[in-house]
Amino acid sequence: DDITETVVLSELGDGLDFLKDDGNSITLAEPQIEILLENAIGVPIDVDMQIFGRDDNGEIIPTSLITERVSVKPAYYDEKMGTITPVETKLFLTCDSNKVSKIGYDNVQIPGLANLLEKVPNSIDFKIKPLVNTSQTHHIDIVDPLTFSGSYSVYIPLKFDSLNILYTDT
């Protein structure tokens with residue numbers, strides 16, 4: 001089944017709600033998303049992933065849509081023991097993996113990742129659609145529960161080259 005997770009962003013704080021106004025945008029240098037996917041099934045899984053922001057009315061912000069297919073490693077099958085051990089796939093999403101990477105993670109370069117927060121959303125949706133990869137031999141123990149789980153973290157390092165705010169009151 002498809003998995004959808006919605007993250008409602010906290011209030012921006014006193015006086016910063018203007019960032020959500022039409023015409024205002026934020027340019028992020030290197031947003032980073034860590035995604036951990038655990039596969040307890042002896043089957044490699046391809047995951048169609050969509051990440052997008054929603055405005056205050058719940059509508060998708062068109063410029064925020066990110067679509068990517070990633071591969072999740074199968075659980076380890078020990079033929080001698082006949083056991084399956086879950087395996088975790090660690091993904092590190094960034095705009096430019098030549099500038100930023102993380103040791104121990106599969107680095108996934110998504111050039112439009114900064115667009116996710118260019119217009120400040122009210123919430124961010126993560127939609128994950130797992131697909132069985134049929135290119136390899138599969139080992140499944142149907143006695144144990146078949147599980148596929150994940151978690152994520154979003155990092156937005158702030159770097160201010162120049163900040164110009166023009167405020168007009170009438």
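In which sense do β1 and strand β9 pair, and over how many bridges? They pair in the antiparallel sense, over six bridges, with β9 covering residues 123-132. Two strands count as paired here if DSSP finds at least two bridges between them. If you're new to this, strands of a sheet pair through backbone hydrogen bonds, either parallel or antiparallel.

Before we go on, a word about what you're looking at. This is a predicted model, where local features need pLDDT of at least 70 and side-chain atom pairs count only at pLDDT 80 or more, while totals for chains, interfaces and linings use all residues. Residues are numbered from 1 along each chain as its sequence is written, and side-chain values use heavy atoms, with hydrogens and water left out.

Let's take the whole chain first. You'll find zero helices and 10 strands; both are DSSP runs numbered from the N terminus, with helices being H or I of at least four residues and strands being E of at least two. Walk along the sequence and the pattern reads β-β-β-β-β-β-β-β-β-β. Of the chain's 170 residues, 31% count as buried. Buried means under 20% relative accessible area, exposed means over 50%, and partly exposed is in between (1.4 Å probe, protein chains only). Contacts are worth a glance too, a contact being heavy atoms within 4.5 Å. Among those between residues at least 6 apart in sequence, 71% join residues at least 24 apart.

Now back to the sheet. Four strands make up an open sheet in the order β1-β9-β3-β4, with antiparallel pairing. At the edges sit β1 (3-8) and β4 (66-72), each of which pairs on one side only. Neighbouring strands are turned by 20° against each other on average, direction ignored; the axes behind that angle are lines fitted to C-alpha atoms (for helices over the stretch in contact), and angles run from 0 to 180 degrees between N-to-C directions. To see how β1 and β9 line up, find Thr4, whose bridge partner in β9 is Lys127.

Next, look at β3. It runs antiparallel to β9, joined to that strand by 10 bridges, and Gly53 has Ile124 of β9 as its bridge partner. β3 also runs antiparallel to β4, with seven bridges between them; there, Gln50 stands opposite Thr67. Seven of the 10 residues in β3 are buried, so this strand is mostly covered.

What does β3 give to the largest nonpolar core? Four residues, the most of any contributor. A nonpolar core is a set of buried Ala, Val, Leu, Ile, Met, Phe, Trp, Tyr and Cys residues joined through side-chain atoms within 4.5 Å. This one has 23 residues, and Ile33, Val47, Ile51 and Leu93 touch the most other members. Strands β2 (32-39), β3 (45-54), β4, β7 (87-94) and β9 each supply at least two residues. Leaving aside neighbours within four places in sequence, Ile51 is in contact with residues including Ile33, Leu65, Leu93, Leu116 and Phe126.

Two polar residues of β3 are worth a visit. Asp46 lies in this strand and is buried, because its relative accessible area is 14%. The side chains of Asp46 and Ser71 are joined by a polar contact of 3.0 Å. A polar contact is a pair of N or O atoms within 3.5 Å; within protein, one must be able to donate a hydrogen and the other to accept it, and residues adjacent in sequence count only if both atoms are side-chain atoms. Arg54, also placed in β3, is partly exposed, because its relative accessible area is 24%. The side chain of Arg54 reaches the backbone oxygen of Gly58 at 2.7 Å. Arg54 and Asp125 are 71 residues apart in sequence, yet 7.6 Å apart in space, C-alpha to C-alpha.

Last stop: Glu30 and two residues that meet it. Is Thr94, which is in strand β7, buried or exposed? Thr94 counts as buried, because its relative accessibility is 0%. Its side chain and that of Glu30 are joined by a polar contact of 2.7 Å. Gln32, in strand β2, counts as buried at 13% relative accessibility. A polar atom of the Gln32 side chain lies 3.5 Å from the backbone oxygen of Glu30. Thr94 touches both Glu30 and Gln32, in a list that also includes Pro31 and Val108 and leaves out residues up to four places away in sequence.
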